[in-house]
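Work through the exercises below with the sequence and the model side by side, and try each task before reading its solution.

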Amino acid sequence: METNSSRPTKLHEMLLLLVFLVLLLSLNPCESLDIDPRDEAALSLFRSRVQDPSQSLSTWLGSNCTNWTGITCSSDSGKVISVNLTHMNLSGDIHPSLCNLSFLESLVLAQNSFTGAIPLCFGSLYGLKTLDLSHNRFGGALPDTISRLGNLRELILSWNQDLGSLMPPWIGNFSDKLEKLDAGFNSFHGEIPDSLLYLKSLRYLNFENNNFGGNLQDFQQSLEILNLGSNSLSGTLPCFSACSGSLSVLNLADNYIVGGIPTCIASLEALTHLNLSHNQLSYKISPRLVFSEKILVLDLSFNDLAGPLPSTIAEATEKGLILLDLSHNQLSGEIPSKLTELKSLQALFLSHNLLTGEIPSRIGNLTYLQVIDLSNNVLSGAIPLNIVGCFQLLALILNNNNLTGVIQPEFDALSGLKILDISNNKISGEIPQTLAGWKSLEIVDLSSNNLSGTLNDAITKWSNLRYLSLARNKFSGNLPSWVFTFQAIRMMDFSGNNFSGIIPDSNFNLSLYYNNRDFARQPGNISLVSMATVGIKVHVVVAGTNEVRLNYDIIAAVGIDLSGNMLHGEIPSGLFGLEGLEYLNMSYNILTSRLPDLEKMRSLKALDLSHNSLSGQIPENVSGLEDLTVLDLSYNCFSGHVSKKQGYWRFPGALAGNPNLCVESSTGVCGRDSVPVEPGKAFQEEMVEGPISLSVFLLSAAITFYFSIVSLFCSARARRYILETKL
């Protein structure tokens with residue numbers, strides 16, 4: 001039975017529940033917020049004129065504002081105050097109905113494909129604080145009606161390549177609230193308006209990648225970010241004194257700035273990123289140019305800076321400089337040992353200078369280093385063993401110096417290496433077995449050194465190889481059976497060594513590049529020499545505030561180069577079935593056998609099999625190989641008749657030096673492709689015409705000797721005897 005005392009308690013509980021429900025509803029007042037009817041009509045008309053293949057605006061139905069994707073309404077009036085349609089795959093022109101949103105404060109249409117001119121009616125959106133039209137396809141000039149937006153704080157127009165003309169002079173005085181102006185990667189030109197130099201509210205200015213010209217001016221406000229890179233600005237560097245306590249990012253790269261670097265630049269105490277690369281800066285770097293511990297990125301590359309490297313260029317702290325790029329200048333002298341005190345350094349670029357001396361022995365103190373590029377200098381001595389302290393190293397680039405010594409077995413500690421380029425030095429010895437631990441290697445260039453020995457199995461562990469060059473060394477022995485088994489390999493160059501034996505008949509189907517012509521190709525016509533080389537462009541991206549990320553582009557033909565060795569025997573038929581191969585060079589060996597049909601090699605651009613002992617008839621037709629631009633089958637033992645329709649006329653001299661080959665001329669007569677079949681005949685003609693000069697006699701003797709050798713190697717019995725004696 002219910003007592004009287006329990007009734008108030010239950011009533012109290014019901015009241016508490018009611019209050020809780022009211023509070024719950026009040027915490028989510030927009031659940032049923034109705035959009036203003038006039039704004040609804042304006043947005044619906046805008047939607048009807050926009051291409052929306054992804055149906056991003058399919059939720060624009062009904063009157064509940066909270067259901068409309070990208071739309072925010074005022075809780076008081078239901079008026080639309082924000083439109084954010086970022087990255088919705090929308091395209092087409094902007095319908096003027098959007099300008100009927102009279103209470104709009106933020107309009108963001110970024111990362112779509114809107115086209116046409118910026119609507120003039122945007123100037124009637126007087127309450128706008130943010131206008132972001134970036135990453136679209138707007139064109140034409142910036143309309144003067146924008147100058148009516150006196151409340152605008154952010155104007156973002158970047159990445160509209162056809163948006164340009166002169167930057168209007170009112171841009172710096174139409175809104176005294178403007179904090180951010182981003183017009184990077186557009187087509188603006190002329191001089192930067194003076195009004196921007198004095199806009200006190202401005203904190204962020206980005207005009208990167210336009211065509212602004214004139215002298216670089218000083219700015220008179222507390223800018224935090226100033227990006228004027230990739231323009232045509234000239235003059236000398238100002239001090240930016242008004243920004244001394246605020247400027248954190250200064251990018252003036254890729255302009256025409258001249259003169260020296262004033263020491264007052266180091267007085268920018270908030271500076272974290274400074275990029276002055278690709279200008280015409282000159283003179284010595286002052287020893288008084290020492291940046292604060294806040295500097296993270298310092299790029300002075302591609303200038304004409306001379307003199308010695310300063311011993312101190314930034315304050316050494318645990319969280320200081322992470323990227324230093326002084327490459328492509330005229331800096332000379334030794335690398336100062338104090339550079340190794342920049343313990344936060346992750347990327348060091350000193351390439352293409354005139355630096356001498358040895359690599360600092362304490363380089364291993366830089367334990368955070370991921371990239372070292374000291375290439376194209378005059379450095380000497382051995383690679384210091386201490387470098388193993390850089391255990392996070394991803395790229396070690398030391399090519400084109402005078403380095404000596406050997407590759408130390410202890411270098412296996414650099415197990416994270418992706419790029420190793422020590423080419424064009426004087427390094428000797430063998431490849432240590434311990435380097436099997438370099439399992440991350442993708443680019444290896446050991447060419448043009450004094451390395452020797454045989455290819456050991458350590459290389460098989462480099463399973464991610466994309467490029468491998470051992471060219472122009474003293475390697476010897478047989479090519480191992482695993483040599484063609486790297487799945488990601490793009491270019492393999494073993495030319496100019498002492499390899500002997502036969503070419504292993506491996507499984508040539510493993511390489512993705514060798515077998516797939518849909519992979520990226522080398523553009524256009526290209527010479528035989530350039531196809532055998534590789535271009536590696538290493539670039540570092542600064543991610544966040546305290547780390548760098550390594551990227552690189554590799555420009556190389558898909559190819560194999562075994563030229564200039566002592567290989568003999570037959571060429572494996574599998575090599576001629578690689579439809580992705582662009583470049584094949586096996587010249588200057590002692591190879592024999594007949595040449596199979598080349599019709600499967602549909603990507604082939606260059607083929608050099610010259611100076612061997614190949615025999616039999618040449619392939620029937622090369623006209624089907626549309627990409628082939630370089631062909632050399634000269635100085636072999638080919639025989640038979642070559643008709644004009646076979647297409648070899650496209651390659652003058654390609655069949656020279658094959659005494660038994662009959663090449664049909666334009667008149668239909670069988671010729672010998674400009675090579676004398678009877679070497680002594682020229683000698684006899686000279687006797688009739690007059691005295692023989694010494695040079696003519698020597699040339700005749702050389703030709704006679706050459707054809708004697710060719711004749712020997714075209715004889716199977718003689719060839720076997722010579723090979724057995726040699727091997």
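The exercises that follow concern a predicted model, and each task is followed by a solution in steps.

**Exercise 1. The chain as a whole**

Task: Find how many helices and strands the chain has, and what percentage of its residues is buried.

Solution: Begin with the secondary structure, where the count gives eight helices and 49 strands. Next turn to burial, for which a residue must have under 20% relative accessible area; by this cut-off, buried residues make up 50% of the 727 residues in the chain. Finally look at the contacts with a separation of 6 or more, of which 51% are accounted for by residues 24 or more positions apart.

**Exercise 2. An annotated span**

Task: Locate the domain that UniProt places at residues 37-74, and describe its helix and strand content.

Solution: The name comes from the record, an unreviewed UniProt entry, which gives residues 37-74 as "domain: Leucine-rich repeat-containing N-terminal plant-type". In the model this span is 32% helix and 8% strand, and its end C-alpha atoms lie 13 Å apart.

**Exercise 3. The nonpolar cores**

Task: Determine which residues touch the most other members of the largest nonpolar core, and which element gives the most to this core.

Solution: The general background is that in soluble globular proteins nonpolar side chains tend to be buried together. Here the largest nonpolar core holds 178 residues, and those touching the most other members are L107, F122, F207, F240, F291, W462 and F494. Among the elements that give two or more residues to this core are the helices α2 (37-48), α3 (194-197) and α4 (512-515), and also the strands β47 (637-642) and β48 (660-664). The element that gives the most is α2, with three residues. A second, separate core has 23 residues, including L296, V371, L394 and A395.

To see the surroundings of one core member, take W462, which, leaving aside neighbours within four places in sequence, is in contact with I431, L435, A436, W438, L441, V444, L468 and F486.

**Exercise 4. Empty space inside**

Task: State how many cavities of 30 Å³ or more a search of the whole structure finds, and describe the lining of the largest cavity.

Solution: Rolling a probe the size of a water molecule over the atoms shows where empty space is left. The search of the whole structure finds two cavities of 30 Å³ or more, and about 70 Å³ of space lies in the largest cavity. Its lining is formed by I383, L396, I407, F411, L414, L417, L420, I422 and W438. When these residues are sorted by kind, nine are nonpolar, none is polar and none is charged.

**Exercise 5. Two buried residues in contact**

Task: Decide whether F484 is buried or exposed, and do likewise for M492.

Solution: F484 sits in the loop between β35 (474-478) and β36 (491-493), while M492 is found in strand β36. F484 counts as buried because its relative accessible area is 1%, and M492 is buried because its value is 0%. Leaving aside neighbours within four places in sequence, the contacts of F484 include M492, I503, P504 and F508, and those of M492 include F484, L468, Y514 and I560. For distances through space, the C-alpha atoms of F484 and S511 are 7.7 Å apart although 27 residues separate them along the chain, and those of M492 and V558, 66 residues apart in sequence, are 8.5 Å apart.

**Exercise 6. Residues in loops**

Task: Explain why L309 is classed as buried, and find which residues Q370 is in contact with.

Solution: L309 lies in the loop between β21 (304-308) and β22, and it is classed as buried because its relative accessible area is 9%. Not counting residues up to four places away in sequence, L309 touches residues including L326, S332 and L355. Q370 lies in the loop between β25 (354-356) and β26 (371-373), and it is buried, with a relative accessible area of 13%. Leaving aside neighbours within four places in sequence, Q370 is in contact with Q346, Q392, L393, L394, A395 and V548.

**Exercise 7. Positive phi**

Task: Give the phi value of S230 and that of H328.

Solution: Most residues other than glycine have a negative phi. S230, which is not a glycine, has a positive phi of about 55°, and its place is in the loop between β14 (225-227) and β15 (234-235). H328 likewise has a positive phi, near 55°, and lies in the loop between β22 (323-325) and β23 (330-334). H328 is partly exposed, with a relative accessible area of 24%.

How values were computed:
Residues are numbered from 1 along each chain as its sequence is written. This is a predicted model: local features need pLDDT of at least 70, side-chain atom pairs count only at pLDDT 80 or more; totals for chains, interfaces and linings use all residues. Side-chain values use heavy atoms; hydrogens and water are left out. On a 1 Å grid over the protein atoms alone, a cavity is a set of points where a 1.4 Å probe fits but cannot get out, and a pocket is an open set with protein on both sides within 12 Å along at least five of seven lines; lining residues have an atom within 4 Å of a point. Grid points are joined across faces, edges and corners, and a volume is the space filled by probe spheres set on the points. Ala, Val, Leu, Ile, Met, Phe, Trp, Tyr, Cys and Pro count as nonpolar, Asp, Glu, Lys and Arg as charged, and the others, Gly among them, as polar. Helices (H or I, at least four residues) and strands (E, at least two) are DSSP runs, numbered from the N terminus. Buried means under 20% relative accessible area, exposed over 50%, partly exposed in between (1.4 Å probe, protein chains only). UniProt positions are given in the numbering used here, feature names are shortened, and annotations may be inferred rather than shown by experiment. A nonpolar core is a set of buried Ala, Val, Leu, Ile, Met, Phe, Trp, Tyr and Cys residues joined through side-chain atoms within 4.5 Å. Contact means heavy atoms within 4.5 Å.
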